[in-house]
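Here is a short briefing to read alongside the structure. Let's start with a term and then walk through the cores and a sheet.

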Amino acid sequence: MNRVRTLQSPALVLSLLSLLWVIVIVGLFALKPSVLSVGTITTVLQFSTILALVSLGQGMVILAGGAGIDLSVGGTVSLSAVLGMLAVKAGLSPFFLPFVCIGAGTALGAFNGVLVTKLRILPLIATLGTFFVYSGVALSLTGGSAQSGVPDWLLWWGRGVLAGIPVPFLTIAIPAFAIAGVVLAWTSWGRWVYAMGFNERSARLVGIPVDRTRLILYSLSGTLAGAAALFSLAWLGSGRPNIGQNLELESLTAAMLGGIAVLGGRGGVGGVFAAVILLVTLKTGLLQLNVNTVWQVGIVGALLILVLLADRFSESWR
Amino acid sequence: MNAPFLIAKGVTKRFGALTALSEVDLEIRSGEVLALLGDNGAGKSTFIKVLAGAHSPSDGELLIDGVPVTFSSPKDAASAGIATIFQELALSENLSISENVFLGRELKRSVLGVPFLRRKEMKERVAGLLKELEAHISDPEAPVGSLSGGQRQAVAICRALNLNAKLVIMDEPTAALAVAETRKVLSLTRRLAERGCAVVLISHNIADVFEVADRIIVFRRGRKVAEKIRSDTNPEEIVSYITGAHPDVRALEKAN
């Protein structure tokens with residue numbers, strides 16, 4: 001029994017993901033040797049940044065259990081980006097752009113948290129609702145057009161590369177994962193998240209502030225989506241009302257693939273990080289091989305089903 | 001005989017028109033195992049919920065060390081030194097033994113306001129408690145999910161001890177256990193009392209009760225109908241109190 005448990009530890013997830021990653025790389029190399037270069041790594045990491053930030057929030061919301069899920073992440077990213085640019089257009093100094101994006105994301109996430117913890121709406125339904133609201137508002141505010149006017153200094157940050165690694169990846173994605181990893185593993189807050197994720201009733205009985213913790217995690221998911229929105233502005237140079245499209249599906253896949261149990265209480269952020277890199281490598285590879293983008297989304301969906309199946313079987317092994 | 005740790009005086013609990021507990025007087029002493037017996041609905045669960053702070057009594061009072069107390073929440077009861085081990089134990093199977101023992105009140109070192117765990121101290125403390133209880137669990141870092149029912153009881157008892165509980169309430173601790181496990185939990189219960197804790201044990205199993213309890217109190221229809229020192233009674237008599245067949249109970253019920 002103990003041995004099975006050790007095998008299911010994060011180390012197993014990480015080694016499986018690394019193996020899958022190597023398979024993807026080898027397959028890609030066999031089909032198109034020219035893709036393997038520093039430039040590809042830079043591209044993969046640049047594309048990973050948005051998904052990494054959003055998946056981190058998604059993963060923590062799921063980890064805390066209570067049927068936790070954040071389907072609104074895509075809408076939050078789009079709306080935060082659009083709100084940031086609209087604020088600049090309305091005359092706000094561009095200096096405040098980061099604060100607007102991250103602040104808007106946090107507020108939108110906190111709204112999800114209130115729906116879930118105070119009004120007791122099932123997270124799946126609450127965040128599905130806000131997903132439509134947030135992405136709808138992003139579209140209607142802009143009429144569907146991209147909002148330009150990102151300041152140069154932000155572009156300089158968003159497009160900078162240091163030793164082959166994109167600067168935004170180094171300065172926000174990696175620190176966010178490192179902080180989340182440390183907090184989950186080494187602090188009492190982390191223990192509370194795992195405890196409430198696994199058995200909410202017992203967590204309440206021992207006096208853990210379950211609702212407050214959950215509200216904070218939904219807000220944090222929003223904060224990370226806001227940071228992703230800021231990065232999208234800095235990278236693309238404009239606020240696109242559909243920038244967050246498909247992020248809910250992809251971040252869910254990354255969280256599940258990264259070993260976070262659907263029902264909460266098990267998993268870690270290291271696996272999520274590896275899963276994000278794997279997913280983006282796969283997508284970039286498919287792009288390089290000229291596979292239609294429609295198929296890319298389909299492949300992500302198929303991967304999600306595979307992961308859930310694997311989770312189901314590992315459940316029955318125990 | 002020690003002075004009583006807790007005295008209940010005329011404790012009554014009504015739910016609307018229903019009287020679940022009526023004028024219960026009893027004493028709980030440190031170092032003693034007190035068993036509460038009674039049929040389903042006899043009022044014993046309501047009584048421990050009053051002790052644990054989950055219900056507040058409609059009438060009557062509780063005195064701890066001679067001082068009247070009122071509990072408005074389980075937290076109040078816990079800070080007065082009353083720990084309840086619920087049937088479902090309130091353990092997180094995905095966390096280790098030491099994490100469970102300290103869950104919600106971890107030992108921590110604050111760095112910039114972030115509460116980092118002091119794992120080593122927690123582990124040592126739990127290893128000490130487990131050894132003291134002779135629980136035969138070698139690794140405090142093992143996940144609770146890998147433990148047997150009796151070992152989980154031991155973890156829950158450790159939790160109570162770690163809270164410096166002076167009164168531990170155990171609700172049907174042996175209900176779902178195999179024979180060998182039951183023995184172990186009963187000896188844990190005994191050891192808890194020897195450490196100077198007051199123990200209130202709720203059980204349906206009269207054999208278990210006669211093995212560990214010093215005093216036995218029987219509830220019937222919300223009243224305390226009997227209080228006996230174990231050596232002065234026998235299982236047959238207790239059963240007749242529980243079922244209401246005993247002449248004393250009949251007389252009492254006729255009088256009302």
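Contact means heavy atoms within 4.5 Å. With that in hand, A:L257 touches A:V13, A:L17, A:A275, A:L278, A:L279, A:L303 and A:V307, leaving aside residues up to four places away in sequence. This is a predicted model, where local features need pLDDT of at least 70, side-chain atom pairs count only at pLDDT 80 or more, and totals for chains, interfaces and linings use all residues. Residues are numbered from 1 along each chain as its sequence is written, and side-chain values use heavy atoms, with hydrogens and water left out.

**Nonpolar cores**

- The largest nonpolar core (buried Ala, Val, Leu, Ile, Met, Phe, Trp, Tyr and Cys residues joined through side-chain atoms within 4.5 Å; buried means under 20% relative accessible area with a 1.4 Å probe, protein chains only) has 77 residues.
- A:L56, A:V77, A:I208 and A:L257 have the most contacts inside this core.
- Helix α11 of chain A, residues 210-236, gives the core its largest share, 12 residues.
- A second, separate core holds 52 residues, among them B:V155 and B:L201.

**The sheet in chain B**

- Four strands of chain B make an open antiparallel sheet, ordered β2-β1-β4-β5; helices (H or I, at least four residues) and strands (E, at least two) are DSSP runs numbered from the N terminus, and two strands pair if DSSP finds at least two bridges between them.
- At the edges sit β2 (18-29) and β5 (67-69) of chain B, each pairing on one side only.
- Eight antiparallel bridges join β1 (residues 4-15) of chain B to β2(B), and B:I7 has B:E27 as its bridge partner in β2(B).

Definitions and conventions:
Chains are lettered from A and ligands numbered from 1 in the order in which they are written. Buried means under 20% relative accessible area, exposed over 50%, partly exposed in between (1.4 Å probe, protein chains only).
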